[in-house]
Amino acid sequence: MSKRAPYPNENAANAAEFPPGHFTTPPSAESQEVSRRGFLTAMSAAFALVGAEGCRRPVEKIVPYQKMPEQVIPGVPSHYATVINRRG
Amino acid sequence: MQIFPRSLNKLPQIAGAGAALALPGVVFLVWYYFSPLYTDVGYEPVQPVPYSHRLHAGQMGMDCRYCHVNVERSAVAMVPPTQTCMNCHSVVRTQSGSLAPIRESCGWDGKACDWSKGKPMEWVRVHKLPEYVYFDHSVHVSAGVGCVECHGRVDQEERVRQLKPLSMGWCLECHRDVKANQGASQFIRPVSQITNMEWKREGEVVPPRHLNPPENCTGCHR
């Protein structure tokens, strides 16, 4: 039998806030089991939702300016003449 | 012992005949129902404010470019800022309930706008080209393609609606016609008449330049 290494905080002082047995009790087999029927139900529901998502036309919003700044033309980049002083 | 009965000997022929009949049906279904003419034409979303183009552009005769200012300068025609609405609606119909989102957007306090308090409007886009298409409004407008050619009679619409398919075949139809016929093409009008929805052709138009609309892939899919 392999001996499980202790979790990092298992013996630490703050482990006291967990109930006793928290670190040593493995999850029960029943709680992890997914029935074949349950799995197929979830899978078919997921596929149906994916299909429904594709049928919808995505709604795209246009959000214009509220108060338009001067000398800005949406769609046209603004260029500025800048000056660098060299040897000056 | 035979597993399959004798009557199944004809199955391949029957299946083949069925496929031959079904294939044109499938082709037709995809051809028609998957095309932008079916999926996109007639798209008429509800807008946050029931702005009527029929009232503003039709009955009152406002030019398209009063709101869509930069259509001649930029790739996008531009949806106007709230400020453009409030140019008039700070005085006209200031109590209107349907204009409440506009007043909220400008931070209306009953007398004037307080721009720091409002938020931009969120209109719903109607005419949408795919992201892989380059389209520039300014070059079309300056060539003499009127608004009505792609957007239809917006001046008669209560709510904006997509009237043309905006598909690639539809684009190329116009590009080919204009390249071949220049000013004689049915899609070209004098640049002074681009926003005139009721303009009638009388003979040939002199285009502003030699029109050379791209017909190759990279013209639009750049």
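Three salt bridges are counted between chain B and chain A. The model in the viewer is predicted, and the tour starts at this interface.

**Stop 1: the salt bridge at B:Arg125.** Select A:Glu60 and B:Arg125, whose side chains meet in a salt bridge with an N to O distance of 3.3 Å. Then display the polar contacts across the interface: eleven residue pairs, both residues at pLDDT 80 or more, are counted between chain B and chain A. To see which elements of chain B take part, colour H4, H5 and strand S1 (123-124) of chain B; these are the elements that give two or more residues to the side touching chain A.

**Stop 2: the whole interface.** Extend the selection to every residue in the contact, which takes 27 residues from chain B and 16 residues from chain A. Together the two chains bury about 1,900 Å² between them, and 58% of this area lies on carbon and sulfur atoms. Which three residues of chain B supply more of its area buried against chain A than any other three? Select B:Tyr43, B:Trp115 and B:Arg125, which supply 23% of that area. B:Arg125 is also the residue that meets A:Glu60 in the salt bridge of the previous stop.

**Stop 3: helix H4 of chain B.** Next select residues 82-89 of chain B, which form helix H4. Within this helix, B:Thr82, B:Thr84, B:Met86 and B:His89 are buried. What covers them? Show helix H3 (53-59) and helix H5 (100-106) of chain B, which are included in the cover over the buried residues of H4(B). H5 has been met already, as one of the elements on the side of chain B that touches chain A.

**Stop 4: the nonpolar patch of chain B.** Move to the surface and select B:Val26, B:Phe28, B:Leu29, B:Val30, B:Tyr32, B:Tyr33, B:Phe34 and B:Tyr38. These residues form a nonpolar patch with about 820 Å² of accessible area together. Helix H1 (residues 11-33) of chain B gives the most to the patch, with six residues. One residue to centre on is B:Tyr32, which lies in helix H1 of chain B. Is B:Tyr32 buried or partly exposed? Its relative accessible area is 39%, so B:Tyr32 is partly exposed.

**Stop 5: chain A.** Finally, hide chain B and colour chain A by secondary structure. Chain A holds two helices and one strand, in the order α-α-β from the N terminus on. Of the 88 residues in chain A, 6% are buried. Chain A exposes about 8,500 Å², with carbon and sulfur atoms supplying 58% of it.

Methods
Residues are numbered from 1 along each chain as its sequence is written. Chains are lettered from A and ligands numbered from 1 in the order in which they are written. This is a predicted model: local features need pLDDT of at least 70, side-chain atom pairs count only at pLDDT 80 or more; totals for chains, interfaces and linings use all residues. Side-chain values use heavy atoms; hydrogens and water are left out. Buried means under 20% relative accessible area, exposed over 50%, partly exposed in between (1.4 Å probe, protein chains only). Helices (H or I, at least four residues) and strands (E, at least two) are DSSP runs, numbered from the N terminus. Contact means heavy atoms within 4.5 Å. Patches are made of residues with over 30% relative accessible area and no salt bridge: like charges are joined within 9 Å, nonpolar side chains (Val, Leu, Ile, Met, Phe, Trp, Tyr) within 5 Å. Accessible areas come from the Shrake-Rupley method with a 1.4 Å probe; for residues, only the protein chains shown count as cover. A salt bridge is a side-chain nitrogen of Lys or Arg within 4 Å of a carboxyl oxygen of Asp or Glu. Buried area is the accessible area (1.4 Å probe) that two parts lose on being put together, summed over both. A polar contact is a pair of N or O atoms within 3.5 Å; within protein, one must be able to donate a hydrogen and the other to accept it, and residues adjacent in sequence count only if both atoms are side-chain atoms.
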